[in-house]
Amino acid sequence: MFHLWGGILIIRALQGIGFSASSTSGSAIAADLVPASRLTEGIGYYTLANTIGMALGPGLGLNMFQRGSWWLFGAGTLIGIISLVTGLSLNYERKQSSVKKVPLFLRPPHMLKQIPN
């Protein structure tokens with residue numbers, strides 16, 4: 001019994017790490033790719049698509065599993081592995097910001113936060 005629960009916890013932890021990484025990076029990439037004039041609309045559509053997927057996914061998955069369509073989970077795993085390999089092979093270059101970053105040691109003293117003793 002312990003081996004079963006340990007395996008489930010490891011798989012669930014990996015799933016959580018993957019979800020947190022993909023949701024954070026996906027939002028950042030969406031914000032970077034959408035034109036500034038339509039940023040709120042683009043982020044809204046991106047968030048709506050994620051919310052619908054998270055709302056409908058568990059119910060649809062449970063329904064398919066109860067109807068004997070368990071093989072779809074294997075197909076989903078295969079698609080996930082293919083997506084992971086494809087995603088790792090992508091070379092995403094971020095847009096260059098028009099704001100120049102000044103190194104910390106070159107900033108004027110009034111721009112530095114005072115560190116309490």
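Arg 38 pairs up with Glu 41 in a salt bridge, and their closest N and O atoms sit 3.0 Å apart. The model here is a predicted one, and the count of salt bridges in it comes to one. Neither partner is tucked fully out of reach: Arg 38 is partly exposed, with a relative accessible area of 46%, and Glu 41 is partly exposed too, at 33%.

Next comes helix α2, which takes in residues 39-66. Ile 43 is found in this helix. With a relative accessibility of 28%, Ile 43 counts as partly exposed, because that value falls between the 20% limit for buried and the 50% limit for exposed. Setting aside the neighbours within four places in sequence, Ile 43 is in contact with Ser 27, Ala 30 and Ala 31. For one of these, Ala 31, the spacing can be put in numbers: Ala 31 and Ile 43 are twelve residues apart in sequence, while their C-alpha atoms are 6.6 Å apart in space.

Then there is the surface. A nonpolar patch is formed there by Tyr 45, Leu 48, Ile 52, Leu 56 and Leu 60. Together, these residues offer about 530 Å² of accessible area. One of them, Leu 60, lies in helix α2. Leu 60 has a relative accessible area of 51%, so this residue counts as exposed, the cut-off being over 50%.

Conventions. Residues are numbered from 1 along each chain as its sequence is written. This is a predicted model: local features need pLDDT of at least 70, side-chain atom pairs count only at pLDDT 80 or more; totals for chains, interfaces and linings use all residues. Side-chain values use heavy atoms; hydrogens and water are left out. Patches are made of residues with over 30% relative accessible area and no salt bridge: like charges are joined within 9 Å, nonpolar side chains (Val, Leu, Ile, Met, Phe, Trp, Tyr) within 5 Å. Accessible areas come from the Shrake-Rupley method with a 1.4 Å probe; for residues, only the protein chains shown count as cover. A salt bridge is a side-chain nitrogen of Lys or Arg within 4 Å of a carboxyl oxygen of Asp or Glu. Helices (H or I, at least four residues) and strands (E, at least two) are DSSP runs, numbered from the N terminus. Buried means under 20% relative accessible area, exposed over 50%, partly exposed in between (1.4 Å probe, protein chains only). Contact means heavy atoms within 4.5 Å.
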